[in-house]
Each structure stands twice: as structure tokens, then as C-alpha cells.
Amino acid sequence: MRQTLEFFLYDWLKVQDLGRRERFSEHSRETFDAVLDTCEKIAREKFAPFNRLADTEEPRFDGERVHLPKATHEALAAYVGSGMLAAAQDYEHGGMQLPCVVEMAANCFFSKASVSLGGYAMLTNGNANLLMAHGTDTQREVFAMNELAGRWFGTMCLSEPQAGSSLSDVATRADADGADFEADPLGPRYRLTGNKMWISGGEHEITENIVHLVLAKIPGPDGKPLPGTKGISLFIVPKHLVDTDGRLTGERNDVSLAGLNHKLGYRGTTNCLLNFGEGRQTPRGKKGAIGYLVGKPGDGLRQMFHMMNEARIGVGLGAVMLGYAGYEASLEYARQRPQGRPVTTAGVKDAARPQALIIEHADVKRMLLAQKSFVEGGLALELFCARLVDEQHTGSENEVAAAKRLLEVLIPIAKSWPSEWCLEANSLAIQVLGGYGYTRDFPVEQYWRDNRLNMIHEGTHGIQALDLLGRKVVMDGGQALMALAARISDTAQRAGQVPGLAEAANELGAALAAVGGATKKAWSTGEPEAALANATPYLQAFGHTVLAWVWLDVALALDGRDDDFAHGKRAAQRYFFAYELPKIHAWLGVVARREALTREMRDEWF
């Protein structure tokens, strides 16, 4: 994997050139490689050996405390010690000022080694980044800086048992805490009551405190919460109360663990139902969880979505690396497992001949090639999107605008495509191992279980599809879609001049035209219900077209290389164009004709 990662970073994306920018001027390929070396070593020594342990020894709640394996504490202490929690932060905040693309690349090793152990760090990083962007100076200093230092970890508390993904139905309530609530130096002080479900990292004793970022509604003048998303605000709710110097006061906040959810995968990350303000604790003499308002009332969703691009790239990257882990495990197995014999020209097998290794069978090669095309293509996509984040933060005015437009349409793909197709890679890895793939003696079944959760993390496929077709491709007169089309067309034009790639260039051009035509036909009546009924097939076709573009662009970066590495990349590109890209026409067919079946289907008919 390391060779592929470096090829994408340095030969394809040219990330070493970022050192010419002021923010990254102290960096070079040498410093980037040093970060990759450190993270690869920690992941190999502290995370990978305990991935199975984290899966089999699930978090246990005894009614008072949550118990985790000792290895979990040690792995995260090593991660904290690496400085990666603050990797992209300013030097003055204890950071390394790493580009997002290098930070993401370095975190690949942890996701591949044990995605559930790394989950605590990813959540803490996102929490702290949000506070650095939207918190007051005091909130940044007290909460974010202690998280970036690894002294405290953080969570995101959005979902509720009755609301799920429908955040407009959030019922957690925030009432002003006394007449002097606005005078608190940590921020306007409120008392929160309500329940939050599916909270990863919501309770543990890895760190001395947990900083919850909680969405809740401040009631209107009539005492009732505002309907919809208008009244949703964001609050800092620490597990243990602290003073303005970041010291624990010794008082426990009114946040209680109601129970642990027992999931299919990611079992090493605690997943919690949290009760806020149930009265089990009485901070400062009364019930209600103390929370400090971030920014302005009613601004909670906008603030939360500030970190969604990086979070969705992170989820997509986690899905990629689980797929990658399964691919490498099944490849190693196929190179060692003898089974079956070649068929002779007479159509029979010669039992006297020795068994062949299964990697010599065409169908096993098909499954391995599919995995290779999914996981390496997915890795390239995520790194490209992370590189766009760096453009958005440090580029020229034109580069910032271009990166913003591309990210608009690519983020739904960056999150959803690997979550589906790198999960398929895990399924194929199990198939390569045959019966052994279904056992716990081999790791591929755990990779599949862990990866299955990524289809739900940070928005389901259906939500991403509605966002893409319902908003992203039509906003601002379709400017974002046109920007992506221009990039794809440029790659196709360049590839058309290269021997061996011209046919693929034509196929990519045809796929792009098909996506554009289906987009127009879906919206030709102007009826959202008709256009969006087939949004998920649209997402699938769009994603496959994007991945075909990525693979063709990667093939161009090989630039005449004639070694095994280059042949492998070209084979993966050829596989994707021969076996995967043709699928888009079936998906786009139902989109273009606005197939009404799913809208017309009735409950009683099931």
C-alpha cells in the first residue's frame, strides 16, 4: 500500500509542490515522509495487533463504568503522542501545519490497522476543528486545545432515538440557566434535557474528560421549541465541569450513559445512548446538563456542517482502508492456497498434475482485480478531495473558487462510493478465501462487518443521493457539475492522445454525456418528486463515472512506466472500464425516464 500511497501523493497529485505556499513553507517531501513513517509504525505496532481483541472484547458497562481493553488505552496514547490530533493546526496551537491531504494519507494507516480504535481520535479531531472555527477565544483555549493535546476526547451528539437522520425533529431542549446565563466566561450557559442516540465515543475512561458537542433547541418566547431546523443551536457539554483554566472542578455534569449499543462492527468504539438532564447528577445544585452555547442561537446546523467535508472524506477513507485491508489479506491467501487444476484442451482436468495456486484461476483474478480497482481508485478519489480542501484553504482566489465547486459535487461521492464498493471489495475478499473467509480464523469477515457501518455514517446513500441530484448538480445553474465536466473532459482529451488510452477516453466522454443527459431528463418536468425518486441509481452512475475519470487520470500519471507496479495500475484501470463503467447505462435509464415504480408502490402491495 505504501508504494501506491506515495505514487498518488507525489507522482499524481504533486503534493510536494504545496511546500511553495506560505502555510506549508517549512514542509517538503522529506517531512511528509517522516509523518507517514511515524504513523505507519504506530499503526503496525499499537493498532493492528489488537484489532481482533477490540472486536471480541467489546466495551462493557457495569452500571457505573465502561470497561475497555488495556490495548485501547495504549494505542490511543501512542496516537496522541504522535501529535496527529493537531496535525493540521497552526504551529502556535501546537500543530504541524500539515496539508489536509497529507494528514488524511497518514491516517490511512490507522484506519487500515484498526478503524474502531482510531474512531475516538477522528471524532475528537472533528470536534476540536469545529470549536477552533466557531468557538470563542476562551472556548478554543479551554476545550479545543485540551482536545488537540489529547488530554480530553470529544464527540458529536446529533441523532436522537425518535429522529434518526431527521435533524429537524430534534427534541433535546436548552433553557437559559438563570438570569446571569450570558455572563459565564465559557459562553452563554444553558441547561439541556433530552436523549442522544448512536453517540460514538460517548462514554469511556480513556481520557479524564469528554467534550460533547450537542445539538439542541432553545425555546421561543412562548416556551415552545421552534419547528424545523430554525431553533437548533450547538452547545459544549463536558462530562466533567471545568473552570476557565481547563481544570476539572470535581463536579460531574448531568450527562448519563443509559446503555451501550451492540453493533455489527466498529465494536472497539463505544456507541452510546446518552441522557442529558435526567437528574442523576445535580451540577451546581440542580438537575439539567450544563452546556455552553457556541456562536449564535439557531446557528447549530451551519456550524456542524462546517466540518462535514473533512468528516465525509474521513468516512470514505475509512471505508477505502477496510477494503484495502481485505484486498491485501485475500491476495496473500490466493498466492498461498493450492486448489484445482487447469483444464486441458480436451476440456478435462489431469488429476496427476499438481494443484494450481488459486491466484492462477481467471475468476479469482477477476475478484482480485475488482478489489484492486475499487480500493486503489477509492484511495485516489479521497486523496484528490483532500487536495481540494487544501486548495480551498490556501489557493489563489480562482483556485479557491474552483475547489469549492468541485467539492460540492464530489463530497457525496467521496462519502458514498467507497462505502458501497469497498464493502463489495470486502465481500469479494471473503469469497476468495471460500469457507475460511466466513470464519474468525481470518480477518476478512471482521473487515466486512466494520465496513458495513460506513454506509450509514455521515448520511446514508439515500441522503447523499438526494443531496447530489436534488441540490448539488442544479445549484447556481449547474456550475458545480459543469466544473467537474470540464475536468473530466480535459482528462479524456489528454488520454485520447496516448496510445492504449484513446478507447477509454471515448468511453469516459460517452459516460459523461449520459450523466448530463439523464440529469436534464430527470428535471425536465420540474417536479422534485419525479426527479428524485431514482436519486440513488443516479448517485451510483455518477460515482462510477467519477471513478472512471480518476482511474484514467491516474493512468496518465504513469507516463510510460514499464514495471510491475505500472502494469498493475493499468490493469485496474482496464478492469474498471471493461466491467464496471458499462453498468451506468442501466442505472441512468430509470433516472432519464423518471421511472415511477417506487413512487407508485403501495404499502399494501408488499
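The second largest cavity in this predicted model has a volume of about 40 Å³. Its walls are made by Leu481, Leu484, Ile488, Leu512, Val515, Phe542, Thr545 and Val546. Sorted by class, that makes seven nonpolar residues, one polar residue and no charged ones. Three helices, α13, α14 (502-522) and α16 (535-557), each put at least two residues into this lining.

Two of those wall residues turn up again in the packing of the protein. Phe542 and Val546, along with Leu5 and Leu379, have the most contacts inside the largest nonpolar core, a set of 163 residues. The biggest share of this core comes from helix α10 (residues 397-433), which gives 17 residues. Setting aside its neighbours within four places in sequence, Val546 is in contact with Leu381, Leu410, Ile413 and Leu484. Another core lies apart from the largest one; it has 32 residues, and Leu215, Val242, Leu301 and Met304 are among them. As a rule, nonpolar side chains in soluble globular proteins tend to be buried together.

Back to empty space: the whole structure holds three cavities of 30 Å³ or more. The largest cavity comes in at about 70 Å³. Its lining consists of Glu58, Pro59, Leu260, Asn261, His262, Lys263, Arg267, Thr269, Thr270 and Asn271. Here the mix is two nonpolar, five polar and three charged residues, whereas the lining of the second largest cavity has no charged residues.

Turning to open space, the second largest pocket takes up about 510 Å³. It is lined by 20 residues, and Tyr327, Leu331, Arg335, Lys372 and Glu376 sit closest to its centre. The lining breaks down into nine nonpolar, three polar and eight charged residues. At least two lining residues come from each of α1 (2-12), α8 (308-334), α9 (362-394) and α17 (564-580).

Helix α9 is also home to Ser373. This serine counts as buried because its relative accessibility is 0%, under the 20% cut-off. The side chain of Ser373 reaches the backbone oxygen of Ala370 at 2.9 Å. Beyond its neighbours within four places in sequence, Ser373 is in contact with Gly378, Trp551, Ala572, Tyr575 and Phe576.

A second serine, Ser159, sits in the loop between β3 (152-157) and β4 (173-176). With a relative accessible area of 22%, Ser159 falls between the 20% and 50% cut-offs and is therefore partly exposed. Leaving out residues up to four places away in sequence, Ser159 touches Gly164, Asn195, Lys196, Met197 and Trp198. Its C-alpha atom is separated by 60 Å from that of Ala351, which is 192 residues away along the chain.

Finally, a word on the backbone. Most residues other than glycine have a negative phi. Gln97 is not a glycine, yet its phi is positive, at about 55 degrees. Asp476 likewise has a positive phi, near 55 degrees. Both are loop residues: Gln97 lies between α4 (70-82) and α5 (100-134), and Asp476 between α12 (461-472) and α13 (479-495). Their surroundings differ in accessibility, though. Gln97, at 11%, is under 20% and so counts as buried, whereas Asp476, at 58%, is over 50% and so counts as exposed.

Note on methods. Residues numbered from 1 in each chain as written. Predicted model: local features only at pLDDT ≥ 70, side-chain atom pairs only at ≥ 80, totals over all residues. Heavy atoms only, no water. Helix = DSSP H or I, 4+ residues; strand = E, 2+ residues; numbered from the N terminus. Buried < 20%, exposed > 50% of the residue type's maximum accessible area, 1.4 Å probe, protein only. Contact = heavy atoms within 4.5 Å. Core = buried A, V, L, I, M, F, W, Y, C linked by side-chain atoms within 4.5 Å. 1 Å grid on protein atoms, 1.4 Å probe; cavity = no way out; pocket = protein on both sides within 12 Å on 5 of 7 lines; lining within 4 Å. Points joined across faces, edges and corners; volume = space filled by probe spheres on them. Nonpolar A, V, L, I, M, F, W, Y, C, P; charged D, E, K, R; others polar. Polar contact = N/O pair within 3.5 Å; in protein donor to acceptor, adjacent residues only side chain to side chain.
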